[in-house]
Amino acid sequence: MADYVIPAPAVVSIPVAGGGAFPVRRVFCVGRNYAEHSREMGSDPDREPPFFFMKPADALLTGDADMPYPAQSKDLHHEMELVIGLSEGGVDIAEADAMRHVWGYAAGLDMTRRDIQNAAKKEGKPWDMGKGFDHSAPIGLMAPAAKVASPGKGLIELKVNGKIRQTSDQSKMIWNIPEMIAYLSRLVRLAPGDLIFTGTPENVAAVQRGDLLEGVVEGVGTVRTRIV
Ligand code: MN
């Protein structure tokens, strides 16, 4: 045990459906992985290579907790996403071998300070402060992969105050689950506990204080938070 000079941070974890907790190492996020969302953000969705950004693990918000409206933004957007949790890491993981690295899946929200992200894009600056802020990743229970019959297939939907805001099918992801794992493992050595937010379908939009967000990833689970 190291002789830490300040208290060591706690391990961030996600409650597992059926009991236990999934300890989180890093949070990777894929950009523009549904064609219609890519178009609404002004890009050409012609299967450009996947690209990634990150959020700190302690940006995760679990247990249906309220999400405080973040500082320095007037344009907080929802992005409803399927999340992958890895049980095993490695480099140069083959697509054919990728699925056995997955421990489970969750429904998550890649909450985005769109005004800060757009300003960064315009100036060629990093997205971190648009994406990786405190409480920016509400997430539901982790479902063990063994209980998920058809990962990457089925409804993905978000309701805001009971009205459907985003609705699509996970099979519309441009890069599928094994392709994303394989691609990312060529950029970094993946590790147990890493999460991958797999991108959002179209119709991202702003939320306000008081709004109730309820998302579902069919076959996986739900995510719920109120903006306060
Ligand atoms: Mn996203």
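Rings of Phe, Tyr and Trp, the last taken by its six-membered ring, count as a pair if their centres lie within 6.5 Å. In this predicted model, ring pairs of that kind link F51, F53 and W127 into a cluster, and the structure holds five aromatic pairs. The points below take up this cluster and the sheet to which strand β4 belongs.

**Aromatic contacts**

- The ring centres of F53 and W127 are 5.6 Å apart and the ring planes stand at 50°, so this pair is classed as tilted.
- Because F53 lies in strand β4 while W127 lies in the loop between α3 (114-122) and α4 (128-131), the pair ties together parts that are 74 residues apart in sequence.
- Buried means under 20% relative accessible area, so F53, at 10%, counts as buried, and W127, with a relative accessible area of 18%, is buried as well.
- A charged side chain also meets a ring, in that K55 lies over the face of F133 at 5.8 Å from the ring centre.

**The sheet and its helix**

- Six strands, in the order β4-β3-β14-β7-β8-β11, form an open sheet with mixed pairing.
- The edges are held by β4 (51-55) and β11 (143-144), each of which has a single partner strand, so one side of each is left without a neighbour in the sheet.
- Strand β8 (residues 102-109) pairs with β11 in the antiparallel sense over two bridges, and Y105 stands opposite A143 in β11.
- Helix α5 (residues 177-185) packs on the sheet, where it touches β3 (27-31), β4, β7 (80-86), β8 and β14 (195-197), and the direction of α5 makes about 60° with that of β7.

Definitions and conventions
Residues are numbered from 1 along each chain as its sequence is written. This is a predicted model: local features need pLDDT of at least 70, side-chain atom pairs count only at pLDDT 80 or more; totals for chains, interfaces and linings use all residues. Side-chain values use heavy atoms; hydrogens and water are left out. Two strands pair if DSSP finds at least two bridges between them. Helices (H or I, at least four residues) and strands (E, at least two) are DSSP runs, numbered from the N terminus. Contact means heavy atoms within 4.5 Å. Axes are lines fitted to C-alpha atoms, for helices over the stretch in contact, and angles run from 0 to 180 degrees between N-to-C directions. Rings of Phe, Tyr and Trp (its six-membered ring) pair if their centres lie within 6.5 Å; planes under 30 degrees apart count as stacked, over 60 as edge-to-face and the rest as tilted. Buried means under 20% relative accessible area, exposed over 50%, partly exposed in between (1.4 Å probe, protein chains only). A charge sits over a ring if NZ of Lys or CZ of Arg is within 6 Å of the ring centre and within 35 degrees of the ring normal.
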